[in-house]
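Here is a short briefing to read alongside the sequence and the 3D view. Keep both open and follow the topics one by one.

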Amino acid sequence: MFMGYLPNDFTAYLYAADLFVEGLDPYTEAARQIAEKNGRYEGYPYNYVPGTLFLIAPMAWLPTPVVLGIDWVIRCALVVYASKVFHRIVVPDFPHHFLLALLLFWEPLGID
């Protein structure tokens with residue numbers, strides 16, 4: 001686990017990547033039973049488009065802390081980028097660092 005915290009919905013990606021790399025179908029109940037034996041699955045089903053399995057397959061070869069670290073870096077970069085765009089378009093006279101601090105308290109960012 002990454003510092004004792006692994007978002008439950010994120011485990012759906014991890015278990016689907018593990019099963020896909022093994023050549024199994026993550027959409028079947030039998031695959032879920034296999035994944036439950038794996039420590040990276042906490043019950044959320046993988047209900048995304050089958051074409052996305054190729055995108056998440058590399059997560060099967062990386063340890064969980066590395067995958068979560070990469071996810072965290074990408075999310076932070078996207079928040080900074082979104083705040084810069086928002087700052088430029090909507091509130092140009094508001095200091096950018098205050099806007100970024102406010103975005104960190106935005107609920108979807110805190111729970112995901």
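The structure, which is a predicted model, holds 1 salt bridge. Its partners are Arg75 and Asp71, whose side chains meet at 3.0 Å, N to O. Both residues turn up again in the lining of the second largest pocket, so that pocket makes a good next stop after a closer look at the pair.

**The salt bridge**

- Arg75 and Asp71 both sit in helix H4, where 4 residues, about one turn of the helix, separate them.
- How accessible is Arg75? Its relative accessible area is 33%, so Arg75 is classed as partly exposed.
- Asp71 has a relative accessible area of 22% and is therefore partly exposed too; the cut-off for buried is under 20%.

**The second largest pocket**

- The space in this pocket comes to about 250 Å³.
- Which residues line the pocket? They are Phe10, Tyr13, Leu55, Ile56, Pro58, Met59, Leu62, Val67, Ile70, Asp71, Ile74 and Arg75.
- By character, the lining divides into 10 nonpolar residues, no polar ones and 2 charged ones.
- Helices H1, H3 and H4 each supply at least two of the lining residues.
- H4 has the largest share of the lining, with 5 residues.

**The largest nonpolar core**

- This core has 14 residues, and those touching the most other members are Phe10, Tyr15, Tyr46, Ile56 and Met59.
- Two or more residues of the core come from each of helix H1 (8–21), helix H3 (53–56) and helix H4 (64–89).
- Which helix gives the most to the core? That is H1, with 7 residues.
- As general background, nonpolar side chains tend to be buried together in soluble globular proteins.
- Phe10, Ile56 and Met59 belong to the core and also appear in the lining of the second largest pocket.

**His87 and its surroundings**

- You will find His87 in helix H4.
- Is His87 buried or exposed? With a relative accessible area of 17%, His87 is buried, because the cut-off for that class is under 20%.
- Setting aside neighbours within four places in sequence, the contacts of His87 are Pro92, Phe94, Pro95, His96 and Leu99.
- Leu100 lies 13 residues from His87 in sequence, and the two are 9.2 Å apart in space, C-alpha to C-alpha.

**The overall fold**

- How many helices and strands does the protein have? The secondary structure comes to 6 helices and 0 strands.
- Along the sequence this reads as the pattern α-α-α-α-α-α.
- The protein has 112 residues, of which 27% count as buried.
- Among contacts with a separation of 6 or more, 57% join residues that are 24 or more positions apart.

Note on methods: Residues are numbered from 1 along each chain as its sequence is written. This is a predicted model: local features need pLDDT of at least 70, side-chain atom pairs count only at pLDDT 80 or more; totals for chains, interfaces and linings use all residues. Side-chain values use heavy atoms; hydrogens and water are left out. A nonpolar core is a set of buried Ala, Val, Leu, Ile, Met, Phe, Trp, Tyr and Cys residues joined through side-chain atoms within 4.5 Å. Buried means under 20% relative accessible area, exposed over 50%, partly exposed in between (1.4 Å probe, protein chains only). On a 1 Å grid over the protein atoms alone, a cavity is a set of points where a 1.4 Å probe fits but cannot get out, and a pocket is an open set with protein on both sides within 12 Å along at least five of seven lines; lining residues have an atom within 4 Å of a point. Grid points are joined across faces, edges and corners, and a volume is the space filled by probe spheres set on the points. Ala, Val, Leu, Ile, Met, Phe, Trp, Tyr, Cys and Pro count as nonpolar, Asp, Glu, Lys and Arg as charged, and the others, Gly among them, as polar. Contact means heavy atoms within 4.5 Å. A salt bridge is a side-chain nitrogen of Lys or Arg within 4 Å of a carboxyl oxygen of Asp or Glu.
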